[in-house]
Amino acid sequence: MSTFDVIVLGSGPGGYVTAIRASQLGLKTAIIEKENLGGVCLNWGCIPTKALLKSAQVFEYLQHAGDYGLKAEGVDKDFDAVVKRSRSVADGMSKGVQFLMKKNKIEVINGFGRLMPGKKVVVKGEHGEPAEYSANHIIIATGARSRELPSLPQDGKKIIGYREAMTLADQPKKMIVVGSGAIGIEFAYFYNSMGTEVTVVEYLPNIVPVEDEDISKQLERSFKKAGVKIMTSAEVTSVDTSGQGVKATVKTAKGEQVLEADIVLSAVGIKTNIENIGLEDVGIATDRDKIIVNDFYQTNIPGYYAIGDVTPGQALAHVASAEGILCVENIAGMHVEALDYGNIPGCTYCTPEIASVGLTEKQAKEQGLDIKVGKFPFSASGKAKAAGTADGFVKVIFDAKYGEWLGCHMIGAGVTDMIAEAVVARKLETTGHEVLKAVHPHPTMSEAVMEAVADAYDEVIHL
């Protein structure tokens, strides 16, 4: 039986990052993976979807070449080639993780891992032969998958999840997207841009419901302008797949409506991968589909830890990575501080992009805070106008008394690359006046952050 200091179960952005950091800290490390290195994020999530979205964006640019004084005639798309490019990008990233494993001398164990008492893991390989491994510290990073609703049982053909949505053999003429979180919205944008007739069905009153209401309303306007149909406060109660396509019965405040399409994409959240991995055998406690951990990701059983989507924090790749690093640094005896889950940025990569961190205006008011709110539209930004990307705005929320930056919400071109300014500023406890007096370069999209702060303090110049 091979023995290690650390064994990581799962090689997604939580698992492989954790393994690398453990190795850097001098810990003998192994990682167990049943599919491809990189997990869902690299193979079926973050990375390949961004490749699809980039193709859609380029296609849109070419269709609107005339807006830039250019001519691009006979522009068309090759759906199969777009999908192949996405898969190629994912494959390349997975190979990159393989290289990182070798570089950091991490032993990669292929197979399905099951936890055992006594700090052991038994791994069933490709041909079913079991092998046993032990470690002083075992870190669970098995991630999550597409959640299924009873009214939307996925068959992988007519009712699909995000995996199938990435690799469809043929582009559907009509698609219903159920759920308007990041996954649903990104696929809605992609397929609409490619020419599919898309309808988004959202159970709550606003699309992207975790975002500030102003952001939700702006995205709904942008999507409707692009031809996406939006149904909010609506629920798919049943789907009939007996015919050539699908018929979805949607319950709304005005009554029931039947929508016809080729495919229904279920994007109603995720389900953690905690079944059959031995949690019950070891006695590891769970609650509502999540593994219970402390601030340093220790479970109730000494020597066993959990990070990423299987724990109660936000189910985001960058959260999983941060948790894993913190976990192994604590194991190695370093002084670490608990992660601040109130300062985690969220990003949605449709067009226009969405990025946010901290409290929404509604949340701040519900907490009884006295706030200052500033807003700057990209329609007043020289860089945005020159780039032809004037949709959207930056919205900032400050505590009126102390100047604390409570929240930042953006919608527009490239805002997922801009939100880090707010994250770092909030980490450093930067006040509104300090942001305002930090000179931002002109002309840039990031100027809108400074202008929005100026608006909050009644000093805005360009409005």
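**Notes on cores, strands and spaces in a predicted model**

1. Let me start with helix H12. Its buried residues pack against strand S21 (353–358) and S24. They are Ala-422, Val-423, Ala-425 and Arg-426. Please keep in mind throughout that this is a predicted model. Just past the end of H12, Glu-429 has a positive phi of about 60°.

2. How many residues of helix H14 (residues 447–456) are buried? The count is nine of 10, and the helix is mostly covered. The buried set consists of Glu-447, Ala-448, Val-449, Met-450, Glu-451, Ala-452, Val-453, Ala-454 and Ala-456. Among the elements that cover these residues are three strands, S22 (371–377), S23 (393–399) and S24 (405–412), together with helix H12 (420–427) and helix H13 (432–437). After H14 comes Asp-458, with a positive phi near 60°.

3. Now to the largest nonpolar core, which has 37 residues. Phe-187, Phe-190, Tyr-191, Leu-219 and Phe-223 have the most contacts inside this core. Two or more residues each come from helices H3 (46–63), H4 (79–103), H5 (162–166), H6 (182–194) and H7 (213–225), and from strands S9 (174–178), S10 (197–201) and S15 (263–266). Which element gives the most to this core? That is H6, with seven residues.

4. Phe-187 deserves a click in your viewer. Apart from neighbours within four places in sequence, Phe-187 is in contact with Thr-49, Leu-52, Tyr-162, Ala-165, Met-166 and Leu-265. There is also a second, separate core, this one of 29 residues; Cys-347, Phe-398, Val-423 and Val-453 are included in that core. Two of these names appeared above: Val-423 is a buried residue of H12, and Val-453 is a buried residue of H14.

5. Phe-187 comes up again when you look for enclosed space. Searching the whole structure gives one cavity of 30 Å³ or more. The largest cavity has a volume of about 40 Å³, and its lining is made of Thr-49, Leu-52, Leu-53, Glu-186, Phe-187 and Phe-190. H3 and H6 are the elements that contribute two or more residues to this lining. Thr-49 and Leu-52, which help line the cavity, are also among the contacts of Phe-187.

6. The second largest pocket holds about 850 Å³ of space. Which of its 30 lining residues are the closest to its centre? They are Glu-60, Thr-351, Gly-388, Thr-389 and Asp-391. At least two lining residues come from each of H3, H6, H7 and H11, and H3 gives the most, with four.

7. Ser-381 sits in the loop between S22 and helix H11 (382–387). Is Ser-381 buried or exposed? Ser-381 counts as buried because its relative accessibility is 5%, and buried means under 20%. With neighbours within four places in sequence left aside, Phe-376, Thr-444 and Met-445 are in contact with Ser-381.

8. Strand S5 (residues 120–124) is a handy one for looking at two faces. In a regular strand, side chains alternate between the two faces of the sheet. Val-121 and Val-123 make up the covered face of S5, while Lys-120, Val-122 and Lys-124 make up the uncovered one.

9. S5 has antiparallel partners in strand S4 (residues 112–116), through five bridges, and in strand S6 (residues 130–140), also through five bridges. Lys-120 shows both pairings: Met-116 stands opposite Lys-120, and in S6 the bridge partner of Lys-120 is Ser-134. The S4 and S5 hairpin has three residues between its strands, and Gly-118 in that turn has a positive phi of about 80°. In the hairpin of S5 and S6, five residues lie between the strands and Gly-128 takes a positive phi near 85°.

10. Last comes an open sheet of three strands, ordered S12-S13-S14 with antiparallel pairing. The edges are strand S12 (235–240) and strand S14 (255–261), each of which pairs on one side only. On average, neighbouring strands here are turned by 25° against each other, direction ignored. S12 pairs with strand S13 (residues 246–252) over five bridges, and Val-250 in S13 is the bridge partner of Val-236.

Methods:
Residues numbered from 1 in each chain as written. Predicted model: local features only at pLDDT ≥ 70, side-chain atom pairs only at ≥ 80, totals over all residues. Heavy atoms only, no water. Pairing = 2+ DSSP bridges. Axes fitted to C-alpha atoms, helices over the stretch in contact; angles between N-to-C directions. Buried < 20%, exposed > 50% of the residue type's maximum accessible area, 1.4 Å probe, protein only. Contact = heavy atoms within 4.5 Å. Core = buried A, V, L, I, M, F, W, Y, C linked by side-chain atoms within 4.5 Å. 1 Å grid on protein atoms, 1.4 Å probe; cavity = no way out; pocket = protein on both sides within 12 Å on 5 of 7 lines; lining within 4 Å. Points joined across faces, edges and corners; volume = space filled by probe spheres on them.
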